[in-house]
Every structure is written in structure tokens, then in C-alpha cells.
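Visitor: I have a structure open and would like to learn how to read it. Where do we begin?

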Amino acid sequence: MPKILAVDDSASMRQMVTFTLKGAGFEVEEAADGQQALNKAKQGSFDLVLSDVNMPVMDGIQLVRELRTLADYKFTPILMLTTESAGDKKMEGKQAGATGWIVKPFNPDQLLNTIKKVLG
Amino acid sequence: MSIDLSQFHQVFFEESFEGLDSMEGGLLDLNPDDFDVETINTIFRAAHSIKGGAGTFGFQVVADFTHVVETLLDEIRAGSRALEASHVDLLLRSVDCLREIMQALQDGDEPEMSLANDLQGQFEAVLAGEASSESSSSDASVLSPDVQPEQAAEESSDDVDGAEESKGYWAIYFKPDADVLRTGNEPVRMFRELEALGEFRSQAVVCDVPEFNQLEPEACYLAWNITVAGGTREEVDEVFEWVIDESELSIRWVDGVPSEADLGESEPVSADTTAQETVEDVSEVVEEPVEAITEAPESVDAQTQTSQPQPEETKPSEPKASKKAASKSSPETTSIRVGIDKIDSLINMVGELVITQSMLGQLGANFDMNKLVRLQEGLAQLEHNTRELQESVMRIRMLPISFTFSRFPRLVRDLSKLMDKKIDLVLLGENTELDKTVMEKIGDPMVHLVRNSLDHGIEKPEERIAAGKPETGTITLNAFHQGGNIVIQIIDDGKGLNKERILSKAIERGLVSEHDRLSDDQINELIFHAGFSTAEQISDISGRGVGMDVVRRNIQELNGTVEVESTEGVGSTFTIRLPLTLAILDGQLVRVGEEVFILPLVSIIESLQVDMSMINNVGGQNEVLRLRDEYVPIVKLHELLHVEPDNYELENGLLVVVEADSSKVGLFVDDLLAQQQVVIKSLEQNYQKVDGISGATILGDGKVALIVDISGVLKIANQNKVRTLPGDHQAA
């Protein structure tokens, strides 16, 4: 089963995402900021990274940049969880190498649909 | 798949309250003239997380309100708006407001929104004011104008209504950016999605593929001509949503049946014109959802209602008052965050306990007297393990006192502004740990004491300068461990207590007589006396009709004490001493006749055998012990608690000198037994309140022993001074 790394500094958001994804049969690991996520990504191999944008220590945009420099994550789908409406963060994320985005607030079904789409 | 989101609400509330605390802390640190961008970032992140969570978990009112807060913060963060002092005030007030809204939501009540609406108006006024490049996003009615896929699809599908019914197809030319693969976007995935919409055919355009030696393996050089017989325009757009900006893309609707010609020719000729059409189309699509958003709150509400049917069912039928009471007292599972190191040490401890247990088990399986020493060792080990385990478990409930301290910077800031005083607040020992229950209950008395220092202690700047002090006063909150207690001090460098006024007021109230000779400490003590706090003392700040006597009573309920030291002109120090935990008490077991009582070890000063030459009789009935320079009244526990003692004569028993509320009393008992930790069981819950008794515990032999409430005993002893005998106090 595909393995997903869920990154968000909000514990409730992480719980919700994890619960939803595990319920759909995915393997999930959590990280609370970009740096943690990067460390986990280096240790394990993930089929998809789902990351919040605004986080302490290392934000989601920087995380994407860092991940794309790693050979293992060159082509891995990375989705941003963003509430930015103006679009600038989406663009910033894309330029950093993010695959796409899921707009907050989202419900579990929307999350699953998008993820299934990406993971085929 | 439908998931009940309410299961995440508790965590959401907790982290939101934490977020609000950190927003408040950050805001208090903000100096408009000179601030750290990271502070703004922290505040922004907290607001942002609350908004995101609130939207997701269905608290639309919170999301709406936080949106304007976040917008202002974002502008400040981005540098498009200069931070003003008024912004900080507004933000602080909105933090308070949000806290109340969230509390109401957590309690299951309808939040009171009038203040929020008022504040929201103020935010909008600020945001509408000069100098924002992002005025569009400050339109507060437009909450997070994000595209909600379904709604957007409904709204904009008119132009292609019935696409599937009518004979026709989408002719698509798609040339992704060469870097598309490096963003994890895979054209094959998109094609698979298109395939799901209807009959799908594609033809790769390979004319841009370079010579082999110039080919970069990670780049995408291909373009495609595609036909899809089905799907709405929205659905097709959504497939390309993430790559549309970097790609050459044209999508057009063709009536009829797709032919090979569509795949072959359409591209280069029509690409330019259709690409422009596409851009226009897309911009339309992006704008439309803004209208759709006005419906969003309803749909979110509907969702939460269906997702949490249980609470909804019971609520409407109940009368409002009872519902409120129920929700307050209902065991809303409060949780506590525990450091992983504490859990680890606990697990370690349990491991040791298991080893000891299995050792004893083996020993017991074939025991003979030769193994007695090992048995004793094993039991000693068990005792050691149990105590350590108990301490570790207790430590789980311990939180740093910074949780309580953190509310004071705000309080001091607001009040000193209100009173035109300049005050620095210094916090010391913030990491000192304290039981969560004690922590919750000590907050209010501390607030009262700090208000008191602000109001009565610290002088106005001009008075301070006249007195040769620095213009800015200092209030220090200090916490540290001492013995088995936590000590919290509230220290101010204000004018100190005015002893003459206290004394004259106390005489006026009949608390003391003019002839009493009182030490300075005793005079200061009077402020804690019930009946001292008077109407003329009440001010907005510290009055509130609550006197120092209430502060003292609240602290005593926690088995704690409060004392004041003060020097006129120099300042006052209030010292609160509290037990680290309410659940366990270090006790001294004493025997009176057949009964065993427990005295809190912390209150015991000394125990002694009575030398009758040290006993004086006062007024015929009351005996006092002359202990060095003090006279200590003697209370016979058997009289107080109506039990049959072994000894009625003082010289045959023991006196235990205990202290509470700065006064001492000698308790007459038959014998001193062991010292041990006892688990406190409430008498109120299991029986009823008994004067002079604070609780009960179960001893090793299964007997119940009562825990003596030292301050209660003192109170009774004082009454007895007047009434001579305990009258009809009925012991349990």
C-alpha cells in the first residue's frame, strides 16, 4: 500500500488527515514541521508527501525545495495543503517543485479523491 | 466514506487555545517601532492554523472571524502595512474574543457574536484604510475564496450543459512544460483521469524531441492531441488544474464524432487563438466561485450536523439552563500533554516493578525460612518501586507554572495602562512544576494578589519619582520548590502596607482592641481577616467585592498558606505555599486512644513530651505551652473529636506543635506512630464535611484514618477561647 508523509503543525489537522488516509488503507507517517518531515523522508521512502505551507522551523515551500534535491524524491508527488487564496503561495509552491495543492478547508472525501487521483 | 469530524474537535480546541496563548504572548512582545518579523510570523501562523482548522472542522464563525485577523497580520508580515499600536490592541481584543467564542463552542453553547461582529467591523475598517495592495482579499464577506470543486462545477457548467448527451467531444492540445515531471506531475495520470470522463484517444506530438545526444532524460519534450468524448468543461479543467500555468493548453468543444483528423492536424494552427480563449475561460471560472462562497457556510454547517448526530439529538429538548449546567459539569475529557521522557520513565518503572514481582513470586513458590532475608530485600525493593512509580505517575500531572504565569503580562499591561502606572513584570522560575489541579485553582487568587499589588502597591510615576524611586515599578512573580511545597511569591516595589491605617481600620471594625500590642507581622496579617475588606476599598481593579480573606480561604482549600511581608516605602511580598499535589499527603500518624489520625507533616513544627513547668493556665480553663518565647495554646484532640483517650493528663501524653496561618497550636495526643504518604480521600464525597477534618485515608491494615485539618482545628480552638468547650461538634 502506498506510504504517505503527512506534514502539518496543527495536531488536529494531522490527526484528521492520518485517520482519513489510514481508513482508506494507506500507510501514514506524521511530521509537525518541515525539518521533521525532511528527516523522516530521508529515513523512509514515501510515495506521496502532503504538506501544510505555514509551519514553524521550516515551512512547506522550503520543504518542497529540499525534497526535490534528494534523488529519491525527484519525481515524488508533493501536495501542498494551503489556505492561501491569493494564489501566490500556490505559485511559490509550484516553483519550488510541488505537484499540486489541496485547498483548506477540505473534507476527508475531497482529500481522498485528490490523493487517489495522484496515486492512480 | 464519511468520517465523523467531531472526534477531532477536542484536539482542535486544545491546540487553538494554545495558539491563542502564543498569539497573546507574541502580541505583548510586539513593539510597533521595533519588532522582530519572526514574532509576527509566529502570531500569523497561530491565527492561520486556527482558521484552517476551524474551516475544516466546521466552525465557520471562527474561520470567518479569524480570516480578518489573519489578513491584517499577513499585510503586516508582508510589509504592506505598518504596524501601529492600535493594531496590537485590536488584535489582543480579538484574541480574547476568539477565546470566548471557542470556549462556548467547546461547551456546546451558542457563541455570543456581537463583540466579534463589532471587532470584525473594526478590522474591516482598518483593512479598508489606506495602503493595502490586497484590498480585494480584505473583503471580509468573502471568506477564503477558495475554489470548492463541486460548487464551482455546478456554477460554471452552464456553457457545456449536457455535454455528455449531445454528440460532441473535447479536442485538447496539451504541451506540458519541459519540467513537468520534476514537479511530480505525470501526464499519464492526467490521461487516466480524462479516460474516466469518456472515450479517450491521444496522439503524441514528437516534433520537439531533440537529437539523442541533446536529450535530457528528465525533461518532457512531448505534446499531445487528445479527444475525450464526455465530461464537463470543469472536469476537464480540473485535470489540468495543477499544470495549467506552465503548459500550452487548448480545450475546445467540437460537435460531432472525433476523427483521426482531430488528433493529427489541430495543433499548430489553432494553438495560439485557442490558447487565448482558454485563458479567458479560466479567468471566468476562477471568478465565479466567489459567488458560490456565500453558500459555503450553510453547506459546512449541514455537514457538521449530519456528522455529529448524537449531541444534536439531545440538546433541543432540554431546557436551556439545564443544558448549560450539564455541559459545564459534563466530563469534557480534558487531556494533558505529557513529555515523552515522563512516559519513558514510567514504563521503565513498571518494568522494574514487574521484575520485583516475579522475583517475589518465585520466592513465594517454595519458601522456607532460609529465604527470609531475601524476602525482606524483595519487599524493600517493592516499596522502593512503588514509591518511584507513584512519584512518576504524579509527575505526569505536573505542568510548569508558566501556564499560570502566562496570563499576567497581559493583565499587567492592560491594568497599568488603565491606571497610568508604569510597571515592569518580571517572571522567575517559570519552569517550576505544579500539579495541574492546583495550577487551575491558584490562578484566581494570584490574579487577585497581582491586581492588589498593581492597585495598592505600585505608586503612580510622579509619586515614585518624588520618593526617589525609579519611575517604573516592578512586580515580580517568583516560583520555586521548597521541601514538599511550591512557593509562589508576588513581590512589588511599591509603597508597602500602611500599618497605621490597617491598625486603625481594624480597631474601627472591632477586629482588635486599642490595647492589643501587635507585632508588625500581626498587623499585616489583619488584611487577611474576614471583615477587613470594606466598601471603601473597592476599586475597579482590586476591589470587586472580594477581600484578601477570600484569597486566603481559596489558598487554604488547596492546603496552602499565604503570608505577607511588607516594609513601608519599599514594597510588599506575598508568599503562597502550596503542596505539590492535592492527591497525596506526607502524613504523621498519631494515636488517640483506639483511633489513628493523620497530621500533615508540613504543618508539624516539633513534638515534645510535656514538662508541666512549661504549662501555664490562662483564665482557668485554657492551658498554654510556653515554648521558648511563645505561648502556644493546647488543644486536646480527644476533646475536639470526641474519642476516648488513654491519657487525660498532659504529662502522660505527647504534644505535637503544629502551625497554620502563622499561628501555632499544640495538639495533645497519646502517641506518635509512623510517618507515611497517604492518599487523600474526600470526606465530602463519601460522607459529609466535618469541621477540623480535611479528609480520610485507608491505612495498610484496611482501617480508615481521618486527616486532621490544622487550620480548621485552629479555628475551633479560637472559638473555644470564647466558648470554652467545643459544644456540639459531632465527630464523624
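Guide: We will go through some features of this structure in turn. Keep in mind that this is a predicted model.

Visitor: Let us start with chain B. How many helices and strands does chain B have?

Guide: Chain B has 26 helices and 22 strands. Its length is 732 residues, and 33% of them are buried.

Visitor: What share of the contacts in chain B, between residues at least 6 apart in sequence, join residues at least 24 apart?

Guide: The share is 70% of those contacts.

Visitor: Now sheets. In which order do the 5 strands of the open sheet in chain A stand?

Guide: Read across the sheet, not along the sequence. In chain A the order is β2-β1-β3-β4-β5, and the pairing is parallel. Then look at the edges. β2 (27-31) and β5 of chain A each have a single partner strand, so one side of each has no neighbour in the sheet. From one strand to the next, the twist averages 20°.

Visitor: Over how many bridges do β3 and β4 of chain A pair?

Guide: β3 (residues 48-52) and β4 (residues 78-82) of chain A pair over 4 bridges, in the parallel sense. Take one pair as an example: A:Val49 has A:Ile78 in β4(A) as its bridge partner.

Visitor: Which strands of this sheet does α3(A) touch?

Guide: α3(A) packs on the sheet and touches β1 (3-7), β3 and β4 of chain A. Its direction makes about 155° with that of β3(A). Now find α5(A). This helix lies across β3, β4 and β5 of chain A and runs at about 140° to β3(A).

Visitor: Can we look at one residue of α3(A)?

Guide: Try A:Gln62, which sits in helix α3 (residues 60-68) of chain A. A:Gln62 has 15 C-beta neighbours inside 10 Å, so it counts as partly exposed. Sequence distance and space distance are separate readings. A:Gln62 and A:Gln35 are 27 residues apart in sequence, and their C-alpha atoms are 9.3 Å apart in space.

Visitor: Back to chain B. What is the strand order in its open sheet of 4 strands?

Guide: The order is β2-β3-β1-β4 (chain B), and the pairing is antiparallel. β2 (199-205) and β4 (248-255) of chain B are the edge strands, each pairing on one side only. Neighbouring strands here are turned by 15° against each other on average, with direction ignored.

Visitor: Which residue of β3(B) stands opposite B:Ile172?

Guide: Start with the strands. β1 (residues 168-175) and β3 (residues 223-229) of chain B pair in the antiparallel sense over 5 bridges. The residue opposite B:Ile172 is B:Ile226 in β3(B). A helix packs on this sheet too: α7 (residues 187-197) of chain B touches β2 and β3 of chain B. The direction of α7 makes about 150° with that of β2(B).

Visitor: How do I read two helices that pack together?

Guide: Check the angle and the distance between the axes. α19 (residues 436-457) and α23 (residues 548-557) of chain B pack at about 150°, with their axes 9 Å apart. An angle over 145 degrees counts as roughly antiparallel, and α19(B) and α23(B) are therefore roughly antiparallel to each other. The crossing of α19(B) past α23(B) is left-handed.

Visitor: Which residues make the contact?

Guide: From α19(B) come B:Asp444, B:Pro445, B:His448 and B:Leu449. From α23(B) come B:Val551, B:Asn554 and B:Ile555. By class, that contact has 4 nonpolar, 2 polar and 1 charged residues.

Visitor: How many residues of chain A are in contact with chain B?

Guide: 39 residues of chain A are in contact with 34 residues of chain B. On the chain A side, α1 (11-23), β5 (100-103) and α5 (108-119) each give two or more residues. The largest share, 8 residues, comes from α1(A). By class, this side of chain A has 17 nonpolar, 15 polar and 7 charged residues.

Visitor: What about unusual backbone angles?

Guide: Most residues other than glycine have a negative phi, and most peptide bonds are trans. Now the cases here. A cis peptide bond joins A:Lys104 and A:Pro105, with omega about -5°. A:Pro105 is in the loop between β5 and α5 of chain A.

Visitor: Where does A:Val57, with its positive phi, lie?

Guide: A:Val57 has a phi of about 65° and lies in the loop between β3 and α3 of chain A. With 14 other C-beta atoms within 10 Å, A:Val57 is partly exposed.

Visitor: Is B:His642 buried or exposed?

Guide: B:His642 is exposed, with 12 other C-beta atoms within 10 Å. Its phi is positive as well, near 55°. Look for B:His642 in the loop between α24 (637-641) and β18 (654-660) of chain B.

How values were computed:
Residues are numbered from 1 along each chain as its sequence is written. Chains are lettered from A and ligands numbered from 1 in the order in which they are written. This is a predicted model: local features need pLDDT of at least 70, side-chain atom pairs count only at pLDDT 80 or more; totals for chains, interfaces and linings use all residues. A residue is buried if 20 or more other C-beta atoms lie within 10 Å of its own, exposed if 12 or fewer, and partly exposed in between; C-beta atoms are placed from the backbone. Two residues are in contact if their C-beta atoms, placed from the backbone, lie within 7 Å. Axes are lines fitted to C-alpha atoms, for helices over the stretch in contact, and angles run from 0 to 180 degrees between N-to-C directions. Angles under 35 degrees count as roughly parallel, over 145 as roughly antiparallel, 65 to 115 as roughly perpendicular and the rest as oblique. A crossing is left-handed if the near helix is turned anticlockwise from the far one by less than a right angle, and right-handed if clockwise. Ala, Val, Leu, Ile, Met, Phe, Trp, Tyr, Cys and Pro count as nonpolar, Asp, Glu, Lys and Arg as charged, and the others, Gly among them, as polar. Two strands pair if DSSP finds at least two bridges between them.
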